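Q: Please take a close look at the second largest pocket of this model. I would like to know what lines that pocket, and then how the surrounding helices are packed.

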Amino acid sequence: MGEKGAHQAPSPEMTVKITEAQSARQGPPSTRRVLPREMYGFLFVGPAILFFVLVSIFPLLRTFQMSLIDVEAGIPLFVGIQHYAELVQDPWFWSSLTNAFVFTVASVILHIFIGMVLAILLNETWFSTTLRNIMRGLLILPWVFSTASAGLMWTLLYHPFGLLNYLWVGLLGQEMPIEFLAKPGLAMASVVAVNTWKAYPFYMIIILGGLQAIPPELYEAAKVDGANAGRRFWHVTLPQLRPILIAISTIDIITTVGHVDLIRMLTRGGPLRSTETVAYYIYKTALLDGNLGYGAAVSTLMLIMVAILIIVYLRLVSRGSESGETSF
């Protein structure tokens, strides 16, 4: 009987008081709003989208806006499409567009070709693994140089009294030095050569990584079928490298079209504007001459042309694939 109070159930009034005390300690019920499930993905990519808008979309819109404005006596005036009308009739723009096309096509072809050849050689089994690793390091060296240092170095090499002309005149016995950067046709070839030397290691490394990712069983099966080295390259190597080649060639086109610093270091667009590409023409018109509106118009039109070029290029290189996609 003494333990009856210990096992006695609480009264209803006491139960209500206990429930109220617990509710007071827990606070009011949560009113937090739960977002729909599909919105969480936008929260994660939101910062990246905001960053993209700030560094890409906004400058593009601002450039287009600037192309519709001309500044006279420090006062901005809306001129509409006047800059674009002048641009269509500008012979120097079309000349720079032609130079950019030659410079880009030649550079991209040499980048991919030299990078492919060297990557295949470095992927082979050598008699000395140490020697192969040393050669890999040496072939990457041009990529280590900054564009300014590479341009300065090659300017000295191309000089009439530079090393190349010393070999040409002093050792080979020629009468006149070669004017690498003073003749219109030769100047463009010289700039392309420097650009190729500077950038080929990047593409060589990517292609070498792609070669090392190809399963050896594919080559063994091709050998069993009697395929020689040429057929193995055409039917095994190239199809396996197709996505990589499409990606790096697209990147190469975009970066090469926008080259300014190398041309500025070597030729400044000369001689006779034979190496003046569209990118350098924009730099010269907008920054050096101070015609920002006209330079913005050239930039906008060039952006549209490059975008169309990339779309057409990706369409062309995607033909013949099994899925019709570029994997890029």
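**The second largest pocket and its surroundings**

A: The second largest pocket has a volume of about 440 Å³. The model is predicted, and every value here is computed from it.

Start with the lining. The second largest pocket has 14 lining residues. Nearest its centre lie Asn123, Glu124, Leu211, Tyr219 and Thr237. Four helices each give two or more residues to this lining: α5 (91-123), α9 (184-212), α10 (216-224) and α11. Of these, α10 gives the most, with four residues. By residue type, the lining of the second largest pocket splits into seven nonpolar, four polar and three charged.

Now set that beside the largest pocket. Its space comes to about 510 Å³. There are 21 residues in the lining of the largest pocket, and Leu60, Ile282, Ser299, Met302 and Leu303 are the closest to its centre. Helices α3 (40-67), α11 (229-257), α13 (278-288) and α14 (292-318) each supply at least two residues of that lining. The largest share, 10 residues, comes from α14. The lining of the largest pocket holds 16 nonpolar and five polar residues, and no charged ones. In the second largest pocket, by contrast, three lining residues are charged. Helix α11 serves both pockets: it is listed for the largest and again for the second largest.

Next, the core. In soluble globular proteins, nonpolar side chains tend to be buried together. The largest nonpolar core here has 34 residues. Met204, Ile207, Leu241, Leu245 and Val298 have the most contacts inside it. Helices α5, α9, α11, α13 and α14 each supply at least two residues of this core. The top contributor is α5, with eight residues. Three of the helices that line the second largest pocket, α5, α9 and α11, thus also appear among the suppliers of this core.

Helix α5 also holds Trp92. Is Trp92 buried, partly exposed or exposed? Its relative accessibility is 40%, so Trp92 counts as partly exposed. Arg273 lies over the face of the Trp92 ring, at 4.1 Å from the ring centre. Glu276 is another residue to check here. Trp92 and Glu276 are 184 residues apart in sequence, yet their C-alpha atoms are 8.9 Å apart in space.

Last, the aromatic rings. The model has eight aromatic pairs. One of them joins Phe202 and Tyr203: the ring centres are 5.0 Å apart and the planes stand at 85°, so the pair is edge-to-face. The cut-off for that class is over 60 degrees. Phe202 is partly exposed, with a relative accessible area of 26%. Tyr203 is buried, at 4%.

Another pair is Tyr280 with Tyr283. Their ring centres are 5.6 Å apart and their planes are at 50°, so this pair is tilted. Both residues belong to helix α13; they are three residues apart, so about one helical turn separates them. Tyr280 is buried, with a relative accessible area of 4%. Tyr283 is buried too, at 18%; the limit for buried is under 20%. Helix α13 is also one of the helices that line the largest pocket.

Finally, Phe145, Trp154, Tyr158, Phe180 and Trp197 form one aromatic cluster.

Technical notes: Residues numbered from 1 in each chain as written. Predicted model: local features only at pLDDT ≥ 70, side-chain atom pairs only at ≥ 80, totals over all residues. Heavy atoms only, no water. 1 Å grid on protein atoms, 1.4 Å probe; cavity = no way out; pocket = protein on both sides within 12 Å on 5 of 7 lines; lining within 4 Å. Points joined across faces, edges and corners; volume = space filled by probe spheres on them. Nonpolar A, V, L, I, M, F, W, Y, C, P; charged D, E, K, R; others polar. Phe/Tyr/Trp six-rings, centres within 6.5 Å; stacked < 30°, edge-to-face > 60°. Buried < 20%, exposed > 50% of the residue type's maximum accessible area, 1.4 Å probe, protein only. Lys NZ or Arg CZ within 6 Å of the ring centre and 35° of its normal. Core = buried A, V, L, I, M, F, W, Y, C linked by side-chain atoms within 4.5 Å.
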